[in-house]
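Visitor: I have just started learning about protein structures, and some of the words puzzle me. Could you show me one and explain why things are called what they are called?

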Amino acid sequence: MAEVALLTAKHAAYVKRVSEDSESYEYAVSEHLRMSGVYWGLSAMYLLGALDAMDADMIARFVVSCQHECGGFGGNVDHDPHLLYTLSAVQVMLLLGRLEQIDAQRAVAYIAALQRDDGSFAGDEWGEVDSRFSYCALNALSLLGRLDAVDVGRAANFVASCQNFDGGYGATPGGESHAGQIFCCVGALTIASAAHRIDRDLLCSWLCERQLPSGGLNGRPEKLADVCYSWWVLSSLSALDRLSWIDGSALMGFIFRCQDAEGGGIADKPEDVPDVFHTFFGVAGCSLLGYDGLKRIDPVHAMPVEVMERLPHAAPWGHAAALRPSGSA
Ligand code: GRG
Ligand code: ZN
């Protein structure tokens, strides 16, 4: 029988179980991105109201042990530092309320050193550029209250240059529009106070065309629906104040059908095996849609609103002001 509700207790039990089972297949294949895996699991638990079930001391020790001399964080102990994992590390420590246990100012220096003359960010010392890294840099700095450490105007110019004729954004200028990159570019531009540069109606038309007859969302035309786009697409629509442009209850129906009713967890598609990544993004999508009993999530920083409210410098995102050019009423 198709599920008609989010199985919140089962998902919390699933996330706890897989995060503790170092013998599992999922644990082995996610070794290189453990830091982000910890962020997905912890965020899911926070939204589900089950954060206390996690071992905060052990997680904090892990994060601290992944910080390098240069200030950046690796995806796991002794792995090279990268912006992707530096953002995840900052997010995890904020979720745990333990930011003071890492060297935040060194992390800021690491991020700032990765900005290039055109405003873009390299992901690490090897120099790959991608609009995802612009988002990681700006989000981490915004969470740390240190946007002053980089040239935010140039950063926005680079992200704006990744915009396509269809209103969407790609990884680099001219790169194909993809919902994942759109989330990053909308988030980066919003944090940079440059959301007014987004072609809002054109982009939101493209985004709402991502909904398929199943109710699920895909990430670009001609592709299959996948639960993680309940985050990449929906967060962008939410940040642009156009959440009502898709059918929220049909999308929730799709997410519910991707749940494992026995073991808990959410899969990418109905009948597939669940994983922590899709469990987080499925739960986060339901949170954006206002599902009863879930904590709310900030669509730009991808952090619980409650946590954002505790930060003195990075007020949770509020769309009305963000969508206007700065200085206008
Ligand atoms: C803090 C939430 C958060 C994110 C950090 C890493 C990052 C910033 C964002 C990633 C954005 C992105 C590119 C997401 C897409 C992930 C994905 C499902 C890729 C799959 O691409 P394809 O081509 O799949 O394999 P499709 O669905 O197009 O067939
Ligand atoms: Zn997916």
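Visitor: Why is His 278 called buried?

Guide: Its relative accessible area is 8%. Buried means under 20%, exposed over 50% and partly exposed in between, with a 1.4 Å probe and protein chains only, so a residue with 8% is buried.

Visitor: What should I know about the model before we go on?

Guide: This is a predicted model, in which local features need pLDDT of at least 70 and side-chain atom pairs count only at pLDDT 80 or more, while totals for chains, interfaces and linings use all residues. Residues are numbered from 1 along each chain as its sequence is written, chains are lettered from A and ligands numbered from 1 in the order in which they are written, and side-chain values use heavy atoms, without hydrogens and water.

Visitor: What makes certain atoms donors of the zinc ion (ligand 2)?

Guide: Donors are N, O and S atoms within 2.8 Å of the metal (3.2 Å for Na, K and Ca); water is not among the atoms, so sites may look incomplete. Here Asp 226 (OD), Asp 226 (OD), Cys 228 (SG) and His 278 (NE2) coordinate the zinc ion at 2.2 to 2.4 Å, so they meet that limit. Asp 226, in the loop between α10 and α11, and His 278, in helix α13, are 52 residues apart, and the pair links distant parts of the chain. Helices (H or I, at least four residues) and strands (E, at least two) are DSSP runs, numbered from the N terminus.

Visitor: Why is the site of the zinc ion called irregular?

Guide: The angles among its four donor atoms run from 56 to 115 degrees. Four donors count as tetrahedral if all angles lie between 85 and 135 degrees; four count as square planar and six as octahedral if opposite donors are over 155 degrees apart and all others between 65 and 115; anything else is irregular. An angle of 56 degrees fits neither four-donor class, so the site is irregular.

Visitor: How do you know that Arg 220 makes a polar contact with ligand 1?

Guide: A polar contact is a pair of N or O atoms within 3.5 Å; within protein, one must be able to donate a hydrogen and the other to accept it, and residues adjacent in sequence count only if both atoms are side-chain atoms. An N or O atom in the side chain of Arg 220 is 2.5 Å from an oxygen atom of ligand 1, so the pair counts. Tyr 229, at 2.8 Å, and Lys 223, at 3.3 Å, pass too.

Visitor: Why is Glu 222 called exposed?

Guide: Glu 222 has a relative accessible area of 81%, and the cut-off is over 50%, so the word fits. This residue sits in the loop between α10 and α11.

Visitor: What makes the phi of Glu 222 worth pointing out?

Guide: Most residues other than glycine have a negative phi. Glu 222 is not a glycine, and yet its phi is positive, about 70 degrees. Glu 271, in the loop between α12 and α13, has a positive phi of about 75 degrees.

Visitor: And Ser 120: why is that residue called buried?

Guide: Its relative accessible area is 0%, which is under 20%, so Ser 120 is buried. The side chains of Ser 120 and Asp 118 are joined by a polar contact of 2.6 Å.
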